[in-house]
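This briefing looks at one strand and the sheet around it. The sequence and structure come first.

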Amino acid sequence: MVEIVEKSTENREVIITEVFPAHILIDKRKGEHIQTVGEHCCNVARYTRETLMPLGLPSTGELAGLIHDAGKFCRAFSEYIYHAVRGEPVRRGSVNHTFAGVRLLLERYFDPAGDPYHNMTCEILAFAVGSHHGQFDCIDPDGKDGFLHRLEKEGISYPESKENFLFLCADTQKLDKLFEQSVEEIKQAVAICKTAAKSTEELLFVLSLLSRSVLSALIDADRRDTAEFMHAMDFPQPPRDMRPVWQKSLMRVEKKLLEFGNEKPIDQARRVISDQCRAFAKREGGVYRLWVPTGSGKTLAGLRAALAFAAGHDSTRLFFVIPLLGVLEQNAKVIREYLQDDSLILEHHSNVLRIKNDRDELDENELLCENWRSPVVITTLVQFLNTLFDGGTSSIRRMNALAGSVIILDEVQSVPRRMLSLFNLALNFLSKVCGATVILCSATQPCLEEVRHPVSLAANPDLVPYDPALWQPFLRTEIIDRCKPDGYTVGELADFALEELDRFGSVLIICNKKEQARALYQELHTADAKVFHLSTAMCMAHRIDTMKQINALLSDKARVICVATQLVEAGVDFSFGCVMRACAGMDNIIQAAGRCNRHGEVGCICPVYIINFQGEKLGFLREIGESQTATAELLSSFAKDWEAFDGSLQSERSIRYYYRRLFDAMPRQAQDYSVSELGSSLYEMLSHNSVFRAKGQNAVFHTICQAFRSAGDSFQVFDQENTDVLVPYGEGKTLIEELGSERARYDLYYRKELLEQSKPYCAALFQYQLRQLEEGHGLEPLCGDAILSVLPEFYNTHTGIDFSGGNQSFWEA
């Protein structure tokens, strides 16, 4: 260590007798390597600047990156990190290092009576800097001011950190210049944000997404530089100009498409749809719809549209967002086959890692989380929505990757209705502010443009305009209402299924609940047929293997019965002779019909029966009950005047009628994601935040007043939070053993490699199911407790996770 004597900005002597470390790497052969806080901050500033360039916020990014770790320029943090790397006892996060940068910004640039844009810029920067290890509430549920708390907090070594930061990293002249440039950038960004909002309230919500984007870029830059130092490598980045990649990929796809036949009417219709999607390249960016029937080749048509648009507009990357894992794997296989370059593709669909959010300390497992930097990302609806709204830093980190991209949202009707306000405004933000182009795909398009906070669709939004003649070749089924006043018993449904099996040779039964599917499977599993079960209690690899068996048997005209939950109703390439769907939304029923006589091979119109279970209790599945009511209204109106619906329950008129009844029946704020325990909603928390602000006594008004932490902590895509667990199916057994090894515990890259391989062997559990397994001693922690695995006796070879611990004998004959 070298002693340096210099003059400070206040003209007093500063004696620096140590290097302030941001990170320390211990190498057994080469000894101790130190990355100073100054080096780290400069690297993060450069990376954040680059990331925010497409949003027109380069100086904003540079300033946030430069100042984010100002609190590490103190002796207390140096001692903390030296103790930690040498294995000496320290309390994680015991030295606060995120408040100092917030205080420096607020002290220097915030003035309650000053220019509103100066204050807004200061607040956005302060929020990002203060949240890079976990968000905070600008105004919390008790009305307390998060900015004021960071201004007044004692015991954070602020004077020392500030002095050393200004001397060693960036002086006030540099900060002031960057800040003035940032103010101008924010002014321009706000002007664009106004085009994505139709009210002051919506504008505040959009500004919360802008703030999250700045934070996302900062988190990604911080984690990237940390990982590069800790592993002595530069992370590969995609080329700046992606057009050659997209053009080459498009040529491959179109060459393979020429191999398809064009003799049958259904083949001709698919080609017309594909060609119309190809013409999308000539359009401008925005939010569009791909509304085509089931079985019309939507996956390939969407891929062609996305590549053509990306090649013509220099898009950064392509996202394929798919609601269900079984469909994701199926579509991913198609995309890989047609792109013919696996190096382009990332599949991201599980969060088996449990990240500890200490809010002032980095969990090393976070360095293993996906940041969506691959050119083509195939992910789930859950991961996409988490990226936009979840409070975890690993989710927030990914958001910046969406800028300038093409996003294909498949089966968009799967978005939970209680969050449509958030979803629609996020799409408006992505398309108008971030330069993303969004394609909403579905055979049952919801009228998102007609709700209280509507999505802003592009002019002439349909890639394929509705044409009854074009849809005609795809009408291969008839939806028939066979519900009974009191519902069917499990035995009665089993008898009905066996009758239809004799008529059509194969039957698919889709239930609303796992318990129904298990009970019906147990009733049918000894039938004179091959009987299968499919549900999310099975890991993806297990489901894929089961689907392959089913399709092989269907191709051989074998007698097959499959009892499943709704995971098979949208996008799965099944073709049964008869389908039975437990009463739900008409969108669910039409999607289920797409699994029947899919290619017209039966030679007649096949039945899709709407059935109901006796004594069905939906519990947490409230939205299904609401959907059943809207479906009943459509069925009643259709029975009275079927011509008004073009003679089909699957027509555009029928679908729009169903959604209008569904949305009209919802209370005024039912789509705002209500959080009853806080007396507010996520939409309110992320816009004006009036409920929390009304409790506060502080006179200072902040434009950025949102309750980011409360909203993020409250958000979950489904009504119950779920956790991914690793199961002992197939290769999962070996992976569990390896993740429990000493090498996986200490070798971060080996752990990352194993986690990548583990994705197909994960299943999601609700919290009550997790507790049930824990109480039954059915779980084993791995890598500390970062990963949970299911013990072999709790996984059934037919139905997946078995909470009884029956050692795979639960359904044996």
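**Strand β15 in its sheet**

In this predicted model, strand β15 spans residues 578–582 and is mostly covered, with five of its five residues buried. The points below cover its faces, its partner strands and the sheet they belong to.

**Faces of β15**
- In a regular strand, side chains alternate between the two faces of the sheet.
- Cys-578, Met-580 and Ala-582 lie on one side of β15, and Val-579 and Arg-581 lie on the other.
- Both faces are covered, as the residues on either side are all buried.

**Partner strands**
- Strand β12 (residues 506–510) runs parallel to β15 and is joined to β15 by four bridges.
- Across this pairing, Ile-510 stands opposite Arg-581, and Ile-509 has Met-580 as its bridge partner.
- Strand β16 (residues 606–611) also runs parallel to β15, again with four bridges.
- Ala-582 has Ile-611 of β16 as its bridge partner.
- β15, helix α21 (residues 586–593) and β16 form a right-handed β-α-β unit.

**The whole sheet**
- The sheet is open, has six strands with parallel pairing, and follows the order β11-β16-β15-β12-β14-β13.
- β11 (477–481) and β13 (530–534) are at the edges; each has a single partner strand, so one side of each has no neighbour in the sheet.
- On average, neighbouring strands of this sheet are turned by 15° against each other, direction ignored.
- Helix α20 (residues 540–555) packs on the sheet and touches β12, β13 and β14 (560–564).
- The direction of α20 makes about 150° with that of β13.

Note on methods
Residues are numbered from 1 along each chain as its sequence is written. This is a predicted model: local features need pLDDT of at least 70, side-chain atom pairs count only at pLDDT 80 or more; totals for chains, interfaces and linings use all residues. Side-chain values use heavy atoms; hydrogens and water are left out. Buried means under 20% relative accessible area, exposed over 50%, partly exposed in between (1.4 Å probe, protein chains only). Helices (H or I, at least four residues) and strands (E, at least two) are DSSP runs, numbered from the N terminus. Two strands pair if DSSP finds at least two bridges between them. A crossover is right-handed if, with the strands pointing away from the viewer, the path from the first strand over the helix to the second runs clockwise. Axes are lines fitted to C-alpha atoms, for helices over the stretch in contact, and angles run from 0 to 180 degrees between N-to-C directions. Contact means heavy atoms within 4.5 Å.
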